[in-house]
Amino acid sequence: MESIQQQLSFLSPSLIKELLAHATICNFPKETQILRDEQYVKVLPIVLEGLVKVFSKFEEKELLLYYIQPKQSCVMSFSAALKNTPSKVFAITEEDSKILLIPVDKLPHWLKEFPDLNTLFYNQYDLRYSDLLDTIQHILIDKMDKRLFEYLKNKLLLTNNVSLKITHSQIANELGTAREVISRVLKKLESEKKIEQTANGIILHSGD
């Protein structure tokens, strides 16, 4: 098991010292909501272990925007914290996760004192911008079978699993569509031998 210092080794020792003195480390079980939409952000997360998924809500539909992996944070929460505005997204743990929670009242001072904290969030902006462009491309251009297959492949890669234990409703929620659509497209992918639906979950057979 890595120490907290090792998990934060992408930051400077002086910043790590400040974080350990003022931030909180929390363990969250899988499927725990750690941020609600319209909530004012009081702490900013840096994922140490596990995986967090970030969603946006449009009327009654939800859409998965991106995942937060270890050594990453939530740029949408960062923006809301700096502006002191309600969050436009909500976040849920995909796996059991260990998360460092930074008090946002320390951010203005730390951003001035520690350049590497600025670098972290500049990199996050760039990463999430690319993620959102990919999401828009999938929605506007790709057919649902390709979009769904890429979604399954990416989730398996991120979770490092060989099968994906997830309901059709959960997939529909993350892709912003109807359960009936997902069930139909999964059946199509299965008939094409690209996936297999088993009691242990969905298994991918091809990367094509």
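Leaving aside its neighbours within four places in sequence, which residues is K98 in contact with? In this predicted model, the list runs to I4, Q7, I25, C26, N27, I46, V47, L48 and E49. K98 itself is found in strand β7, and with a relative accessible area of 15% it falls under the 20% limit, so it counts as buried. That makes β7 a handy place to start a tour of the strands.

Strand β7 covers residues 97-103 and pairs with β3 in the antiparallel sense, over 6 bridges. Within this pairing, L44 stands opposite I102 of β7. Strand β3 spans residues 43-49, and 5 of its 7 residues are buried, so the rest of the structure largely encloses this strand. The pair belongs to an open sheet of 3 strands, ordered β1-β7-β3, in which the pairing is antiparallel. The edges of this sheet are taken by β1 (24-28) and β3; each has a single partner strand, so one side of each has no neighbour in the sheet. From one strand to the next, the twist averages 30 degrees. As a general point, side chains in a regular strand alternate between the two faces of the sheet.

A second open sheet has 4 strands, in the order β2-β6-β4-β5, and again the pairing is antiparallel. Here the edge places go to β2 (33-35) and β5 (61-68), and since each has a single partner strand, one side of each is left without a neighbour in the sheet. Neighbouring strands are turned against each other by 35 degrees on average, direction ignored. One of the pairings in this sheet joins β4 (residues 52-58) to β5, in the antiparallel sense and over 7 bridges. In β5, E62 is the residue that K57 stands opposite.

Further along the chain comes a hairpin, formed by β8 and β9 with 2 residues between them. Strand β8 takes in residues 195-198 and strand β9 residues 201-204, and the two pair in the antiparallel sense over 4 bridges. Across this pairing, E196 stands opposite I203 of β9.

Turning to the helices, α6 (residues 144-159) and α7 (residues 168-175) have axes that come within 12 Å and cross at roughly 105 degrees. An angle from 65 to 115 degrees counts as roughly perpendicular, so that is how α6 stands to α7. On the α6 side the contact is made by M144, R147, L148, Y151, L152 and K155, and on the α7 side by I171, E174 and L175. Sorted by type, the residues of the contact of α6 with α7 come out as 6 nonpolar, 3 charged and no polar.

Another helix, α5, runs over residues 115-140 and holds L120. Is L120 buried or exposed? Its relative accessibility is 8%, so L120 counts as buried. Beyond its neighbours within four places in sequence, L120 is in contact with F10, I46 and K71. I46 also turns up among the contacts of K98. L120 and Q72 offer a case of distance along the chain set against distance in space: they are 48 residues apart in sequence, yet 8.0 Å apart from C-alpha to C-alpha.

K106 gives another such case. This residue has its place in the loop between β7 and α4 (107-113), and its relative accessible area of 29% makes K106 partly exposed. K106 and Y151 are 45 residues apart in sequence and 36 Å apart in space, again from C-alpha to C-alpha. Y151 is one of the residues that α6 brings to its contact with α7.

That leaves the cysteines. How many disulfides are there? The count comes to 0. A disulfide would need two cysteine sulfur atoms within 2.5 Å. For C26, the closest cysteine sulfur is in C74, 16 Å away, and that is too far for a bond. Looking from C74, the closest is in C26, at 16 Å, so the verdict there is also too far for a bond. As for their surroundings, C26 has a relative accessibility of 23% and so counts as partly exposed, while C74, at 1%, counts as buried. C26 has been met before, as one of the residues in contact with K98.

Notes. Residues numbered from 1 in each chain as written. Predicted model: local features only at pLDDT ≥ 70, side-chain atom pairs only at ≥ 80, totals over all residues. Heavy atoms only, no water. Buried < 20%, exposed > 50% of the residue type's maximum accessible area, 1.4 Å probe, protein only. Pairing = 2+ DSSP bridges. Axes fitted to C-alpha atoms, helices over the stretch in contact; angles between N-to-C directions. Parallel < 35°, antiparallel > 145°, perpendicular 65-115°, else oblique. Contact = heavy atoms within 4.5 Å. Nonpolar A, V, L, I, M, F, W, Y, C, P; charged D, E, K, R; others polar.
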